[in-house]
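Hi everyone, thanks for making room for me today. I'd like to walk you through one structure, so please have the sequence and the 3D view open as I talk.

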Amino acid sequence: MFIRLAKLSLLFVLIGANTVIAADQKPNLLLIFVDNVGYGDLGCYGNRDAITPRIDQLAKQGVRCTDFYIGSPSCSPSRGAILTGRHPERNGLNYQLSSDPNMQQGLPSNEIVLPQLLKPLGYACGAFGKWNIGFDSGLRPTERGFDEFFGHRSGNIHYYKGLYHGQNDIRRGTEEADLGGQYSTDAFADAASDFIRRHAKQPWFVYLPFNATHFIGQNNVEPDEKVQWQAPAAALARYGCQPDEPNQRKRFLATLTALDDGVGKILDTLDRENLTQRTLVMFISDNGAFMLPGRGLEVQSNAPLRSG
């Protein structure tokens with residue numbers, strides 16, 4: 001949706017933005033890929049209710065795209081498209097992955113993804129968050145060029161428990177892991193920040209596909225748990241709400257603000273490590289807001305675009 005341009009080091013032509021940098025300094029690349037954030041959800045796109053200062057900061061300091069198209073209006077094919085640079089019809093993933101317990105579907109293993117192009121150039125590559133393009137042998141992040149992965153295999157997980165269709169979906173590398181009691185947005189932001197700190201002296205590519213702000217859905221909560229937007233108490237408090245706030249519009253806004261806080265953690269890490277002027281930050285949504293009955297309670301916004 002927008003790009004933050006720093007003083008980088010070779011010629012980049014990316015969504016109409018040109019930045020010239022010296023050939024002897026490779027830029028760091030941070031691709032933040034958020035989940036189901038609508039065009040009209042963010043403050044920098046006109047939403048007066050949303051508290052999103054760090055994302056708005058990116059828009060103010062960079063290039064705000066107003067005529068930008070993702071590869072598909074669905075999670076899996078849009079991710080395959082952004083990582084390969086190829087249309088879903090060409091890369092073989094032009095469908096949404098099902099809840100296949102064996103994870104055998106996905107982006108074909110012969111497709112080349114970004115880290116496979118960057119590693120030969122000396123980049124450290126890490127992925128943190130929602131994968132959702134296949135987790136069978138040969139399809140997993142650390143088998144496709146990423147040095148590290150911490151996140152979840154599938155779709156709209158429980159924000160605190162990492163559940164997807166009754167199972168723990170969290171993985172570190174290829175092994176089962178957990179969120180360690182953290183809210184997922186914080187866990188993924190912390191993991192990405194740690195990776196950046198450890199690789200501060202070399203060029204790096206961080207792919208940060210947050211699961212926020214995807215609505216959780218009935219299949220991914222405990223049997224006795226209410227289906228609602230899952231936001232931390234601190235984010236709800238910024239809207240004057242208690243943890244048990246029943247208004248789903250306010251709960252969504254708090255989920256969005258928690259995402260903004262996660263983005264802020266990464267930007268603060270870049271500042272502390274003196275990497276801001278060497279880093280290209282891209283903030284893109286995998287598709288717009290669900291505005292369909294039962295698929296998010298219709299509390300988001302794609303305005304001024306129609307429907308969902």
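**A walk through the fold**

Let me start with contacts: of those between residues at least 6 apart in sequence within the chain, 65% join residues at least 24 apart. Before I go on, please keep in mind that this is a predicted model.

Some overall numbers next. The chain holds 7 helices and 13 strands. It has 308 residues, and buried ones make up 56% of them. Its accessible surface comes to about 13200 Å², with 49% of that belonging to carbon and sulfur atoms.

Now let's go to the strands, beginning with β6. How many of the residues in β6 are buried? The count is 7 of 7, so β6 is mostly covered by the definition of under 20% relative accessible area. Which strands does β6 pair with? One of them is β12, residues 204-208, which runs parallel to β6 and is joined to it by 4 bridges. If you want a spot to click on, A124 stands opposite W204 in β12.

The other pairing I want to show is with β7, where β6 and β7 are parallel and share 5 bridges. Here you can pick out two residue pairs: G126 has E148 in β7 as its bridge partner, and A127 has F149 in β7.

Moving on to β7 itself, 4 of its 5 residues are buried, which again makes it mostly covered. β7 also pairs with β10, residues 170-172, this time in the antiparallel sense over 3 bridges. In that pairing, F150 stands opposite R172 in β10.

Let's turn to the helices, and α1 in particular. Among its residues, R54, I55, L58 and A59 are buried. Where do these sit around the axis? They cover an arc of only 150°, so they lie on the same side of α1.

Keep I55 in view, please, as we hop over to T257. T257 is located in helix α7, and with 0% relative accessibility it counts as buried. Along the sequence, T257 and I55 are 202 residues apart, while their C-alpha atoms are 9.5 Å apart in space. What does T257 touch, once its neighbours within four places in sequence are left aside? The contacts are I51, R238 and Y239. With Y239 there is also a polar contact between the side chains, at 2.5 Å.

That brings me to charges, which I suspect some of you have been waiting for. As a general point, side chains of opposite charge can pair when their charged atoms come close. In this model the count comes to 15 salt bridges, and I'd like to show you three of them.

The first on my tour is between D268 and R54, with the closest N and O atoms 3.0 Å apart. D268 lies in helix α7, residues 248-272, and R54 in helix α1, residues 53-61, so this pair ties together parts that are 214 residues apart in sequence. Is D268 buried or exposed? Neither, quite: D268 is partly exposed, with a relative accessible area of 29%. Its partner R54, you may recall, is one of the buried residues of α1.

Next, have a look at D147 and K119, whose side chains meet in a salt bridge at 2.6 Å, N to O. Both residues are in loops: D147 between β6 (124-130) and β7 (148-152), and K119 between α4 (114-118) and β6, so the pair ties together parts 28 residues apart in sequence. D147 counts as partly exposed at 37% relative accessibility, and K119 is partly exposed as well, at 35%.

The last pair on the tour takes us back to α7. The side chains of K265 and D190 form a salt bridge at 3.0 Å, N to O. K265 is in helix α7 and D190 in helix α5, residues 184-198, and the pair links distant parts of the chain, 75 residues apart. Here, K265 is partly exposed at 28% relative accessibility, and so is D190, at 29%.

One more thing to highlight on screen: D35, R79, K130 and D286 are joined into one network by salt bridges that share partners.

That's my tour for today. Thanks for listening, and I'm happy to go back to any of these spots with you.

Definitions and conventions: Residues are numbered from 1 along each chain as its sequence is written. This is a predicted model: local features need pLDDT of at least 70, side-chain atom pairs count only at pLDDT 80 or more; totals for chains, interfaces and linings use all residues. Side-chain values use heavy atoms; hydrogens and water are left out. A salt bridge is a side-chain nitrogen of Lys or Arg within 4 Å of a carboxyl oxygen of Asp or Glu. Buried means under 20% relative accessible area, exposed over 50%, partly exposed in between (1.4 Å probe, protein chains only). Contact means heavy atoms within 4.5 Å. A polar contact is a pair of N or O atoms within 3.5 Å; within protein, one must be able to donate a hydrogen and the other to accept it, and residues adjacent in sequence count only if both atoms are side-chain atoms. Accessible areas come from the Shrake-Rupley method with a 1.4 Å probe; for residues, only the protein chains shown count as cover. The arc is that of the directions from the helix axis to the C-beta atoms. Two strands pair if DSSP finds at least two bridges between them.
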